[in-house]
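Here are my notes on the model, as numbered points. Please read them with the structure open.

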Amino acid sequence: MGAGTFQRFEIKYLLNKEQREAVYEAMKPYMKADSYGNSTIRNIYFDRPDFLLIRNSLYKPIYKEKLRVRSYKKVNEEDKVFIELKKKFKGIVYKRRIESKEKEAMNYLCNGKKLSKESQIGKEIDYFLDFYKEIEPKVFLSYDRQAFFDKENPDFRMTFDENILWREDNLSLTNEVYGKPILEDGEALLEIKSADTFPLWLVEVLSKYGIYKVSFSKYGNAYTEILKNKRWLFTRIPVFNKEENLKERLEYGYI
């Protein structure tokens, strides 16, 4: 999946080993591995020093957004990475992303150096950075992913994430994967990404094996663990929960 704009529902399910094997077997006639196939995805999540963005997200507002840099392998400074701005409004996920070299991406997000190539998505990210101020890298998140798309409807996608790890140090996509686990042994996170209804075969296997959707945020889980360790107390109310600020976000044309 390259740069661009995506709009869809994303529904998550936490699977044990038996449930995963059942889903995998049921999908074989209908789904095909995508171009990234099996990969270890690396992400750096950005936030304010007080974790304002993830705190707001965990309140489950009607609108929330986050910023991250992603790669599908260990990279060097000259390799391509993706800067992603992900928004969720009334259950629909809107994702904008642009490609950049790793060094350029980090200089842009950490040091304010403009990207060499202008784009509409780049302007949206500029606005995000200006709106929140003091954005900085906070958490490195990695996971092993298997990704599939429907043979007849490529917009319908399913991903299985395992070995989800997080850390607060060495926040660079050029470093090795390591960290603290989020899932239990044998668990996998299934994400179904679609702009339409689920196919019948999927509905049947979910029902048969008692698989129900969950609210699950990888970054949110990492933040929860950070809170346990640091016992910080935040009292500031996220300003973009207010109606007038949400109106400003919508009027800017991002949704």
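1. Start with strand β5, residues 92-101. The strand is mostly covered, with 7 of its 10 residues buried. Bear in mind throughout that this is a predicted model.

2. What does β5 pair with? Its partner is strand β4, residues 80-89, and the two are antiparallel over 10 bridges. One bridge pair to look up is Phe-89 with Ile-92 of β5. Together β4 and β5 make a hairpin, with 2 residues between the strands. Check Lys-90 in that turn: its phi is positive, about 50°.

3. β4 also has β3 as an antiparallel partner, through 8 bridges. Here Glu-65 stands opposite Lys-87 of β4. Strand β3 spans residues 63-71 and is mostly covered, since 7 of its 9 residues are buried.

4. Strand β2, residues 31-47, joins β3 as well. The pairing is antiparallel, with 5 bridges. Look for Asn-43, which stands opposite Arg-70 in β3. Taken in order, the pairings link β2 to β3, β3 to β4 and β4 to β5.

5. Now helix α4, residues 120-132. The helix has 13 residues and reaches 19 Å from first C-alpha to last, close to the expected 18 Å. Many side chains here are worth inspecting for burial. The buried residues include the aromatics Tyr-127, Phe-128, Phe-131 and Tyr-132. Ile-121, Ile-125 and Leu-129 are buried too, as are Gly-122 and Glu-124. Just after α4 comes Lys-133, with a positive phi near 60°.

6. Asp-150 deserves a careful look. This residue lies in strand β6, residues 136-150. Asp-150 is buried but has no salt bridge. How far away is the nearest side chain of opposite charge? That side chain belongs to Lys-151, at 8.8 Å. A salt bridge needs the nitrogen within 4 Å of a carboxyl oxygen.

7. What, then, is around Asp-150? A polar atom of its side chain lies 3.0 Å from the backbone nitrogen of Asn-153. Beyond neighbours within four places in sequence, Asp-150 is in contact with Tyr-30, Met-31 and Phe-156.

8. The structure holds 24 salt bridges. Two of them share Asp-50. One joins Asp-50 to Arg-48, at 3.5 Å from N to O. The other joins Asp-50 to Arg-55, with the closest N and O atoms 3.6 Å apart.

9. Are the residues of these Asp-50 pairs buried or exposed? Both Asp-50 and Arg-48 are buried. Buried means under 20% relative accessible area. Asp-50 has 15%, so this residue qualifies. Arg-55 has 5%, so Arg-55 is buried as well.

10. Look next at Lys-193 and Glu-191. Their side chains meet in a salt bridge of 3.7 Å, N to O. Lys-193 counts as buried because its relative accessibility is 5%. Glu-191 counts as buried because its value is 3%.

11. Which residues share a network with this pair? A network of salt bridges links Arg-145, Asp-161, Glu-191, Lys-193 and Lys-218. Please display these five side chains together when you check the network. Then set Asp-150 beside them: this residue is buried, yet without a salt bridge.

Note on methods. Residues are numbered from 1 along each chain as its sequence is written. This is a predicted model: local features need pLDDT of at least 70, side-chain atom pairs count only at pLDDT 80 or more; totals for chains, interfaces and linings use all residues. Side-chain values use heavy atoms; hydrogens and water are left out. Buried means under 20% relative accessible area, exposed over 50%, partly exposed in between (1.4 Å probe, protein chains only). Helices (H or I, at least four residues) and strands (E, at least two) are DSSP runs, numbered from the N terminus. Two strands pair if DSSP finds at least two bridges between them. The expected span of a helix is 1.5 Å times one less than its number of residues. Lys and Arg count as positive and Asp and Glu as negative; His and the chain ends are not counted. A polar contact is a pair of N or O atoms within 3.5 Å; within protein, one must be able to donate a hydrogen and the other to accept it, and residues adjacent in sequence count only if both atoms are side-chain atoms. Contact means heavy atoms within 4.5 Å.
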